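Colleague: I've got this model open and would like to go through the side chains with you. Mind if I fire off some questions?

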Amino acid sequence: MLLHSHGYRVYLLKDAKEFFKNHEIRHSLQMLIETGMSLFETVDKWESRKLKKQPPKTSRKWLNNTLQFLSDAAFVLSNVSTAMSRVEGIIKFNDLKNSGFYVDYKNEILIPKETVVQEDYNSILDTSNRLIIFYKQLRIIFHPSITKHLSKDKVEEVKNGLHVFINDALKDFSFREINKIK
């Protein structure tokens, strides 16, 4: 609703009307948000990483290039792996939620206390906290006093990027299609 009030065409997205009544659509939205957050975090870390310590330099240019490539590849793979793990956790969320609420039977009685372990809880808590942070960041970027903390150009850059993403990149996106991936 916040984005809609600022001219973003979120309600024109396929399945958008389902946001408020279909929990699977909300899980799909959460996967999309997590993917976006992970991408922005990776870019942010990449930029600050370039200012920090680089791999050791040798007298051989080819070896320096190889070491730099391996360092960059390890960094990207680590971040992608973390993002994929979080998205997989969101995919499993509905089953975990149901396992935590209901006693089930699959060749044996499945008791919630034994089915959902502490690691599952911590994973979902982490994902939930990241969603809360995303929403807070979204509210902050639209706060009237944001220009006291960020330049007007930077605020407009973020808002324009969000416009392009929502109004253009997601134009043909379907939240139901994500559910078919599961």
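Colleague: Let's start with helix H5, residues 118-141: how far apart are its end C-alpha atoms?

Modeller: Keep in mind that this is a predicted model. H5 has 24 residues, and at 1.5 Å a residue it should span 34 Å. The distance between the end C-alpha atoms agrees with that, at 35 Å.

Colleague: Which residues in H5 are buried?

Modeller: Buried here means under 20% relative accessible area. One of the H5 residues that pass is threonine 127, at 5%. The list for the helix reads Asp120, Ile124, Thr127, Arg130, Leu138 and Ile141.

Colleague: Staying with threonine 127, what is it in contact with, leaving aside neighbours within four places in sequence?

Modeller: Threonine 127 lies in helix H5, and lysine 171 is 44 residues away along the chain with a C-alpha separation of 26 Å. Contact takes heavy atoms within 4.5 Å. Beyond the sequence neighbours, threonine 127 is in contact with Gln30 and Ile90.

Colleague: On to charges. How many salt bridges are there?

Modeller: The rule asks for a side-chain nitrogen of Lys or Arg within 4 Å of a carboxyl oxygen of Asp or Glu. Glutamate 34 and arginine 86 meet it, with their closest N and O atoms 3.8 Å apart. By this rule the count is 5.

Colleague: Which helices hold glutamate 34 and arginine 86, and are the two buried or exposed?

Modeller: Glutamate 34 is in H2 and arginine 86 is in H3, so their salt bridge ties together parts 52 residues apart in sequence. As for cover, both glutamate 34 and arginine 86 are buried. So the helices you asked for are H2 and H3.

Colleague: Arginine 86 also meets aspartate 126; what is the N to O distance there?

Modeller: This pair links distant parts of the chain too, with arginine 86 in helix H3 and aspartate 126 in helix H5, 40 residues apart. Aspartate 126 is partly exposed, with a relative accessible area of 34%. The N to O distance in this salt bridge is 3.5 Å.

Colleague: Which residues are linked in a network of salt bridges?

Modeller: Arginine 86 forms a salt bridge with glutamate 34, and arginine 86 also meets aspartate 126 in one. Those three belong to the network, whose members are Glu34, Glu41, Arg86, Asp126 and Arg130.

Colleague: What about glutamate 157 and lysine 154: how far apart are their closest N and O atoms?

Modeller: An α-helix has 3.6 residues a turn, so residues three or four places apart point the same way. Glutamate 157 and lysine 154 both lie in helix H6, 3 residues apart, about one turn. Lysine 154 is partly exposed at 36% relative accessible area. The closest N and O atoms of the pair are 3.7 Å apart.

Colleague: Now rings. Of stacked, tilted and edge-to-face, which describes tyrosine 8 and phenylalanine 142?

Modeller: Searching the whole structure turns up 1 aromatic pair. The ring centres of tyrosine 8 and phenylalanine 142 are 5.7 Å apart and the planes sit at 85°, while anything over 60 counts as edge-to-face. So the pair is edge-to-face.

Colleague: How many residues apart in sequence are the parts that this pair ties together?

Modeller: Tyrosine 8 is in the loop between H1 and H2, and phenylalanine 142 is in the loop between H5 and H6. Tyrosine 8 is buried at 2% relative accessibility, and phenylalanine 142 is buried at 10%. The parts tied together are 134 residues apart.

Colleague: Back in H3, what does valine 87 touch, not counting residues up to four places away?

Modeller: Valine 87 lies in helix H3 and counts as buried at 18% relative accessibility. Valine 103 is 16 residues away in sequence but 26 Å off, C-alpha to C-alpha. The residues that valine 87 touches are Met31, Glu34 and Thr35.

Colleague: Last one: which residues make the nonpolar surface patch?

Modeller: Take tyrosine 105, found in strand E1. Tyrosine 105 is exposed, with a relative accessible area of 56%, and patch residues need over 30%. The patch covers about 430 Å² and is made by Val103, Tyr105, Ile109 and Ile111.

Conventions: Residues numbered from 1 in each chain as written. Predicted model: local features only at pLDDT ≥ 70, side-chain atom pairs only at ≥ 80, totals over all residues. Heavy atoms only, no water. Helix = DSSP H or I, 4+ residues; strand = E, 2+ residues; numbered from the N terminus. Expected span 1.5 Å × (residues − 1). Buried < 20%, exposed > 50% of the residue type's maximum accessible area, 1.4 Å probe, protein only. Patch = residues over 30% accessible without salt bridge, like charges linked within 9 Å, V, L, I, M, F, W, Y side chains within 5 Å. Areas by Shrake-Rupley, 256 points an atom, 1.4 Å probe, with all protein chains shown as cover. Phe/Tyr/Trp six-rings, centres within 6.5 Å; stacked < 30°, edge-to-face > 60°.
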